[in-house]
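Got your viewer open and a selection box ready? Let's take a walk through this one, stop by stop.

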Amino acid sequence: MTVPTTQAGTPASILDTPGLDPEETMSRDELEVLQLRRLQHTVAYAYDRVPLYRRKYDDAGIHPNDLRELSDLGNFPFTTKEDLRAEYPFGMFAVPQNEVARIHASSGTTGRPTVVGYTQQDLADWAKLVARCFRASGIRPGMKVHNAYGYGLFTGGLGAHAGAEALGCTVIPMSGGQTERQIQLIQDFQPDAILATPTYLLTIADAMTHMGIDPTSTSLKYAVLGAEPWTQEMRHELEVTMNIKACDIYGLSEVMGPGVAGESVETQDGSHIWEDHFRPEIIDPFNPLAGKENVLGDGEHGELVFTSLTKEALPIIRYRTKDLTRLLPGTARPAHRRMGRITGRSDDMIILRGVNMFPSQIEEIALRIPELSPHFQLELTRPEGQRMDQLTVRIERRESVTLELGATAGHSLREQIKIHVGSSCTVDVVDPGTLARSNGKLRRIYDLRSGS
């Protein structure tokens with residue numbers, strides 16, 4: 001039987017999913033008309049209400065009235081994390097304090113935290129978009145959802161919680177950590193879906209195995225995973241290990257939190273950006289200048305930049321995310337463009353003997369070698385008296401793999417990195433359970449060079 005499709009090749013049944021927002025089924029032309037209207041309002045709103053934007057625009061000799069078409073956005077200055085830190089704590093807010101319903105903040109581990117605020121309308125929009133992501137990923141009203149994202153100032157836990165409730169789900173607000181307790185509640189409460197970072201879900205699966213529990217035997221059917229880059233190979237690992245369908249969700253606190261984009265369970269081909277609320281661009285990450293000529297076309301790899309279209313408390317204009325990806329045509333939601341897999345962050349890039357590499361590249365190669373596990377760390381050193389940096393990949397062999405087979409697999413990994421990445425490294429295959437496990441976001445890179 002032939003499945004009917006839309007003009008974009010999407011199965012028509014996807015767009016017939018009950019409960020879709022009207023904006024999900026718009027045509028691209030209709031969506032861009034809405035984007036332009038909302039973009040013009042947001043740029044003027046930010047100029048009038050946020051001193052930083054007034055200064056930036058005036059210094060650049062540009063005015064909100066200069067935005068006459070969508071491409072004109074490329075002429076406006078960027079916003080960076082450093083801008084938000086300089087305006088700490090509330091300098092970026094566009095509304096009076098008594099209209100701010102909630103405040104979130106980054107951890108601030110590398111400097112002042114970035115502080116973001118939400119009005120009641122912002123919170124409603126946020127919950128709606130997270131619910132949209134969950135519905136696209138296969139979660140339905142009435143399902144039980146185990147939330148293993150961290151609660152608190154981090155946007156993941158509360159953002160995911162509100163979205164699941166808005167969808168009509170029963171939420172189990174477990175938060176991160178306490179892995180054995182997580183497993184107990186999964187067994188006792190029988191949730192249909194789990195929300196977590198991919199590396200923490202891997203930690204849960206490993207812990208189940210060590211406790212004598214078959215990870216494929218749980219009630220879980222769906223996982224919505226985000227907050228860190230992950231590869232198709234990691235998706236396959238988790239889906240096979242836990243007998244689930246795993247979909248991506250994307251967001252960052254400066255733009256909103258989780259829910260900026262979400263992946264469809266039917267296509268699993270990248271997260272659709274909800275372009276009725278956000279305007280994405282791709283730029284050259286190494287070009288600090290604004291300008292239309294520095295905006296890359298769809299399909300070209302570069303740094304993802306976002307402008308909010310509906311935020312009240314903290315409008316964000318051309319925010320440089322440092323996430324490296326590309327924009328692709330929509331499929332499951334044809335009018336909304338997709339993000340390609342995030343290959344890394346520009347600030348996570350390792351430059352080794354003139355070659356650029358990212359942890360996700362190592363993960364992709366390692367998971368193609370059956371004897372090696374997804375647990376690895378990258379250590380950067382500079383041996384005394386040497387001018388060149390050294391990369392050591394420390395990776396665990398799988399439980400059933402002998403020391404000898406593990407050593408052979410490590411040799412293969414070293415060769416494959418040399419072939420596909422273009423740089424030499426040392427591979428240290430270690431025993432299962434040796435490396436630190438994720439309790440949320442996992443640290444992959446350890447810079448052990450003196451003075452770093």
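Start inside: the largest cavity has a volume of about 60 Å³. Keep in mind that you're looking at a predicted model. The count of cavities of 30 Å³ or more comes to 3, and we'll visit two of them.

**Stop 1: the largest cavity**

Select Tyr-118, Asp-122, Asp-125, Leu-129, Met-256, His-277, Phe-278, Thr-310 and Lys-311, and you have the lining of the largest cavity on screen. Colour that lining by class and you'll get 4 nonpolar, 2 polar and 3 charged residues. Which helix gives the most to this lining? Show helix 5, residues 120-136: it contributes 3 residues to the wall of the largest cavity.

**Stop 2: the second largest cavity**

Next up is a space of about 40 Å³, the second largest cavity. To see its walls, pick Thr-199, Leu-202, Thr-203, Pro-374, His-375, Ala-436, Arg-437, Ser-438, Leu-442 and Arg-444. The class colouring here gives 4 nonpolar, 4 polar and 2 charged residues. Now switch on the cartoon for helix 8 (198-210) and strand 18 (372-381), each of which supplies at least two residues of this lining. Helix 8 has the largest share, with 3 residues. Leave strand 18 highlighted, as we'll follow its pairing next.

**Stop 3: from strand 18 to strand 20**

Add strand 19, residues 390-397. Is strand 19 mostly covered or mostly open? Mostly covered: 6 of its 8 residues are buried. Strands 18 and 19 run antiparallel and are joined by 7 bridges. For a spot to zoom in on, label Leu-378 and its bridge partner in strand 19, Val-393.

Now bring in strand 20, residues 426-430, which runs parallel to strand 19 and is tied to it by 5 bridges. Centre on Thr-392 and you'll find Thr-426 of strand 20 opposite. To get from strand 19 to strand 20, trace the chain through helix 11 (residues 403-420); this β-α-β crossover is right-handed.

**Stop 4: an open sheet**

Hide all that and select strands 10, 11, 12 and 15. They form an open sheet of 4 strands in the order 10-11-12-15, with antiparallel pairing. At the edges sit strand 10 (278-283) and strand 15 (344-345), each pairing on one side only. Further in, look at strand 11 (residues 302-308) and strand 12 (residues 319-325): 4 bridges join this antiparallel pair. Gly-302 is a handy landmark, standing opposite Thr-325 in strand 12. While you're here, turn on the side chains: in a regular strand they alternate between the two faces of the sheet.

**Stop 5: the cysteines**

How many disulfides are there? The count comes to 0. Go to Cys-133 and draw a distance to the sulfur of Cys-247, the closest cysteine sulfur: at 10 Å, it's too far for a bond. Cys-133 is also buried, with a relative accessible area of 0%. Finish at Cys-169, which is in no disulfide either; its nearest cysteine sulfur belongs to Cys-133, 13 Å away. Cys-169 counts as buried too, with a relative accessible area of 10%.

Methods: Residues are numbered from 1 along each chain as its sequence is written. This is a predicted model: local features need pLDDT of at least 70, side-chain atom pairs count only at pLDDT 80 or more; totals for chains, interfaces and linings use all residues. Side-chain values use heavy atoms; hydrogens and water are left out. On a 1 Å grid over the protein atoms alone, a cavity is a set of points where a 1.4 Å probe fits but cannot get out, and a pocket is an open set with protein on both sides within 12 Å along at least five of seven lines; lining residues have an atom within 4 Å of a point. Grid points are joined across faces, edges and corners, and a volume is the space filled by probe spheres set on the points. Ala, Val, Leu, Ile, Met, Phe, Trp, Tyr, Cys and Pro count as nonpolar, Asp, Glu, Lys and Arg as charged, and the others, Gly among them, as polar. Two strands pair if DSSP finds at least two bridges between them. Buried means under 20% relative accessible area, exposed over 50%, partly exposed in between (1.4 Å probe, protein chains only). A crossover is right-handed if, with the strands pointing away from the viewer, the path from the first strand over the helix to the second runs clockwise. A disulfide is a pair of cysteine sulfur atoms within 2.5 Å.
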